[in-house]
Amino acid sequence: MTRAVFLDRDGTLNVEKDYLRDPAELEILPGVPDALKQLQDGGFKLFIVTNQSGIGRGYYTLEDMHRVNTHLTGLLASHGVRFEKIYFASEAPEAPSRGRKPSPQFLFDARDEFGVDLAESYMIGDKLIDLECGWNAGVKQSILVRTGYGAKIEQEAGNKLGPAIVVNDLAEVANLILRQANSPSLPAEEREALFRKMEDKGWTWRDKFIHAPNSTIWFHGSSPWQGDLHDFHYRMAKRLEKLPKYRSCYSTVEHYQRVFDDTAGLVAILKQLVDSKK
Ligand SMILES: [Mg+2]
């Protein structure tokens with residue numbers, strides 16, 4: 001199975017500068033080389049998927065873009081980081097394009113050319129089109145970084161962020177992905193049995209939340225939760241952070257993760273909660 005991390009370029013790997021065309025202006029974001037190396041060492045193939053409409057708009061040439069890419073990959077190669085391929089869409093936004101994000105086409109190309117299992121892969125970027133590209137391709141998760149335009153998008157996108165996870169930077173992306181990759185999923189039968197028991201006791205699933213019978217405990221999950229528990233942990237932690245009531249118990253994501261840092265621990269706590277509710 002070939003797993004991959006697809007990465008937007010500007011604002012995700014390097015500092016966003018409007019229509020970057022000069023390699024001398026390229027600035028790799030802090031923590032990016034280490035994060036990429038960790039992902040690569042963790043068994044993920046790395047791809048860049050970049051919209052370069054500046055070419056179609058006539059702001060710079062294809063050669064300019066290749067020079068920037070060569071400089072970027074050269075700098076990262078000195079940290080042992082290797083990209084399988086850089087996919088780029090050079091067209092202006094209104095022009096027809098085979099792969100311009102949010103099209104999933106380049107991810108499909110990587111699937112066909114490199115045997116990438118998209119359902120076990122990730123799309124990372126600083127714009128909604130990056131997230132949408134991942135969703136359109138059926139990746140395991142689209143992740144928004146707060147670098148580049150990301151922080152602004154997070155403020156403005158509202159529910160368009162959907163199931164995306166938002167993290168500060170690529171270092172956090174690597175932590176999250178590697179934690180998920182190394183965490184065993186709860187076996188399907190056990191999960192179903194737990195859900196059935198919860199439902200029997202009056203727990204309900206609505207709007208991506210799990211409601212306890214007395215309505216005081218809301219867990220944020222995805223329908224009710226699919227996939228591995230680390231994703232669920234993370235979402236739950238982010239949700240709890242926003243509930244003042246729980247702030248004293250789970251003040252930060254890190255604290256939450258210390259408490260629930262293993263699948264067995266989470267399941268045990270859910271079982272306890274279920275058993276304690278009438
Ligand atoms: Mg970008």
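Mentor: A residue is buried if 20 or more other C-beta atoms lie within 10 Å of its own, exposed if 12 or fewer, and partly exposed in between. Keep that cut-off in mind, and note that this is a predicted model.

Trainee: Is P104 buried or exposed, and why?

Mentor: P104 has 22 C-beta neighbours inside 10 Å, so P104 counts as buried. The residue sits in the loop between strand 3 and helix 4. Leaving aside residues up to four places away in sequence, P104 touches C133, N136 and A137.

Trainee: How far apart are the C-alpha atoms of P104 and G138?

Mentor: They are separated by 8.6 Å, although P104 and G138 are 34 residues apart along the chain. G138 comes just after helix 5 and takes a positive phi of about 80°.

Trainee: How many residues of helix 5 are buried?

Mentor: The general idea comes before the count. An α-helix has 3.6 residues a turn, so residues three or four places apart point the same way. In this model helix 5 spans residues 128-137 and is mostly covered, with 7 of its 10 residues buried. Those buried residues are L128, D130, L131, E132, C133, G134 and A137.

Trainee: What covers the buried residues of helix 5?

Mentor: The cover includes strand 2 (44-51), helix 4, strand 4 (122-125), strand 5 (141-145) and helix 6 (150-156).

Trainee: Back to the loop that holds P104. Which residues does a cis peptide bond join?

Mentor: The cis bond joins K101 and P102, with omega at about 15°. P102 lies in the loop between strand 3 (85-89) and helix 4 (105-114), and P104 is placed in the loop between strand 3 and helix 4 as well.

Trainee: What is the phi of Y19?

Mentor: Y19 has a positive phi of about 50°, although Y19 is not a glycine. Its place is in the loop between strand 1 (3-7) and helix 1 (32-41). Y19 counts as partly exposed because 13 C-beta neighbours lie inside 10 Å.

Trainee: Now the sheet. In what order do the strands come?

Mentor: The order is 3-2-1-4-5-6, in an open sheet of 6 strands with parallel pairing. Strand 3 and strand 6 (165-167) are the edge strands, each pairing on one side only. On average, neighbouring strands of this sheet are turned by 25° against each other, direction ignored.

Trainee: How many bridges join strand 1 to strand 4?

Mentor: There are 3 bridges between them, and the two strands run parallel. One bridge partner to look up is I124 in strand 4, which pairs with L7. Strand 1 and strand 2 pair in the parallel sense over 5 bridges, and F6 stands opposite F47 in strand 2. Strand 2 and strand 3 likewise pair in the parallel sense, over 5 bridges; there, I48 has I86 in strand 3 as its bridge partner.

Trainee: What do strand 1, helix 1 and strand 2 make?

Mentor: They make a right-handed β-α-β unit.

Trainee: Why is strand 1 largely enclosed by the rest of the structure?

Mentor: Start with the general pattern. In a regular strand the side chains alternate between the two faces of the sheet. In strand 1, 4 of the 5 residues are buried, so the strand is largely enclosed by the rest of the structure.

Trainee: Which residues touch the most other members of the largest nonpolar core?

Mentor: They are V5, F6, L7, Y122, I124, I143 and V173, in a core of 46 residues. Take V173 as a case: beyond residues up to four places away in sequence, V173 touches A35, I124, I143, V145 and V167.

Trainee: Which strands does helix 7 lie across?

Mentor: Helix 7 (residues 170-181) lies across strand 1, strand 4, strand 5 and strand 6, and runs at about 130° to strand 6.

Trainee: What are the figures for the protein chain?

Mentor: The chain has 12 helices and 9 strands. Buried residues make up 32% of its 278 residues. Of the contacts with a separation of 6 or more, 61% come from residues 24 or more positions apart.

Trainee: What is the mean pLDDT of the protein chain?

Mentor: The mean is 80, and 67% of the residues reach 70 or more. Over residues 215-228 the pLDDT is below 50, and this stretch has 31 contacts in the model beyond near neighbours in sequence. Residues 243-263 also stay under 50, with 22 contacts in the model beyond four places in sequence.

Notes. Residues are numbered from 1 along each chain as its sequence is written. Helices (H or I, at least four residues) and strands (E, at least two) are DSSP runs, numbered from the N terminus. Two residues are in contact if their C-beta atoms, placed from the backbone, lie within 7 Å. Two strands pair if DSSP finds at least two bridges between them. Axes are lines fitted to C-alpha atoms, for helices over the stretch in contact, and angles run from 0 to 180 degrees between N-to-C directions. A crossover is right-handed if, with the strands pointing away from the viewer, the path from the first strand over the helix to the second runs clockwise. A nonpolar core is a set of buried Ala, Val, Leu, Ile, Met, Phe, Trp, Tyr and Cys residues joined through C-beta atoms within 7 Å. pLDDT is the predictor's confidence in each residue, from 0 to 100.
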